[in-house]
Amino acid sequence: MIAHKIDRKSGKNSFKALARYVAAAKEENEKLGDLWIENCSFATSLEDLDHAIIEIENTQAHNTRVNGDRSYHLVISFAEGEVPEKDVLKDIEKSFAKGLGFEEHERIVATHTNTDNFHMHVAINRIHPKTYKVHTPYYDFDALERVRLEMEKKHGLTRTNAKGEALDKKNPKARDYEANTFEVSFSTYVKDYQSELLKIRENAKSWAELHEGIAAYSIELKKRGNGLVFKEMEGHRTEKASNVHRDFSKKALEDKFGPYQAPEKDLSQVQPKDRYERRPLYDRHRQTDLWEKFTDQLSKPKPKHSWRAFLRDQSQLNRAAVEMMKGEEAMLSLMGLGSRRQPGLLEQHLGIKLKQNKVQKKVELER
């Protein structure tokens, strides 16, 4: 599943236009599946759409201070072939609305079918129907990612990455690495690019073209035993090729390209689109001062060699580190890895603080 906000063009910010777009399903081959309305007094279904639009525009008219768009357009897409039941869809929509702070706001929800990925549009009135205050969900990306992971786990939906591509974690060593370090494994890095790698495979006409195509992600295909592995070009990490997708098995590739052939030229000069490097599980943390401090200290004497160990050390003095621990552990838990920690860093940190507080109180009482 993937959820993202649609930024609307300036000049086209009326709620009526958004509601009509959501209800019309105008994209190529799209059809309207279902439509329901939340938090409107006189409208609940498609038949009441005109009443809902009037009611919502009336709410928006009570706030004349907002110059920009008074609406929020959310799209929630599901993995190919996945079509949840209506009660599940309603729970998902309400959870996203709550996560964004729009739980009490008026919303029009529509599902669109006849596409590769079943998806749901949510047209939200940013003006509260009772207080008439405008709500702006700052850092909405974080909220959308958190709710997405919660809903995938709660309803047994296909686990995806932030781009909506299905994940298939079959490598227990990679899972252990991520749980012990709070860092993305090479296995996850390769699988995050599964769709791109499959397109390269589909378009390639030879082993040479395949090798050159995947080199853009700083990886190469190598023989290992009776099969093939993806290997980072400037490192030692590997991932079994068939774990990324069955179409990368040695048999599947040799059926298409003939017997395996190693690259005939140096591919290190291929312009890279990305390469595997150390990064936190919660990708937003890469933009923080703490991550920069972590990477800087790796070259110094007695460094903390993992992001997890570094955060544990910093958490004694730095509140931001505690919050990042929460985010990383929440990510692990939602990925189904939480049970592997004995106990979690956050619990350890809070346990230490609790003991310190008890000791301090005891001292104060004895005085």
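Student: How much of the chain is buried?
Tutor: Buried residues are 46% of the 367 in the chain. Keep in mind that this is a predicted model.

Student: And what does the surface look like, in area and atoms?
Tutor: About 20300 Å² is exposed. Carbon and sulfur atoms supply 48% of that.

Student: How many helices and strands are there?
Tutor: The chain has 14 helices and 8 strands.

Student: Back to the inside. Which residues touch the most other members of the largest nonpolar core?
Tutor: Met1, Leu74, Ile76, Phe78, Ile92, Phe96 and Met120 do. That core has 24 residues.

Student: Which elements give two or more residues to this core?
Tutor: Two strands and two helices: strand 3 (71-77), strand 5 (119-125), helix 3 (86-100) and helix 4 (140-154). Helix 3 supplies the largest share, 6 residues.

Student: What does Phe96 touch, leaving out residues up to four places away in sequence?
Tutor: Phe96 touches Met1, Ala3, Leu74, Ile76, Leu144, Val147 and Arg148.

Student: What lies apart from that core?
Tutor: Another core, of 23 residues. Trp207, Tyr217, Leu221 and Phe248 are among them.

Student: New topic: helix 11. Which of its residues are buried?
Tutor: Helix 11 covers residues 289-297, and its buried ones are Leu290, Trp291, Phe294 and Gln297.

Student: Why do they line one face of the helix?
Tutor: Look down the axis of helix 11. The buried residues fall within an arc of 135°, so they line one face.

Student: Last one. What share of contacts with a separation of 6 or more joins residues 24 or more positions apart?
Tutor: Such pairs account for 64% of those contacts.

Terms used: Residues numbered from 1 in each chain as written. Predicted model: local features only at pLDDT ≥ 70, side-chain atom pairs only at ≥ 80, totals over all residues. Heavy atoms only, no water. Core = buried A, V, L, I, M, F, W, Y, C linked by side-chain atoms within 4.5 Å. Buried < 20%, exposed > 50% of the residue type's maximum accessible area, 1.4 Å probe, protein only. Helix = DSSP H or I, 4+ residues; strand = E, 2+ residues; numbered from the N terminus. Contact = heavy atoms within 4.5 Å. Arc of directions from axis to C-beta. Areas by Shrake-Rupley, 256 points an atom, 1.4 Å probe, with all protein chains shown as cover.
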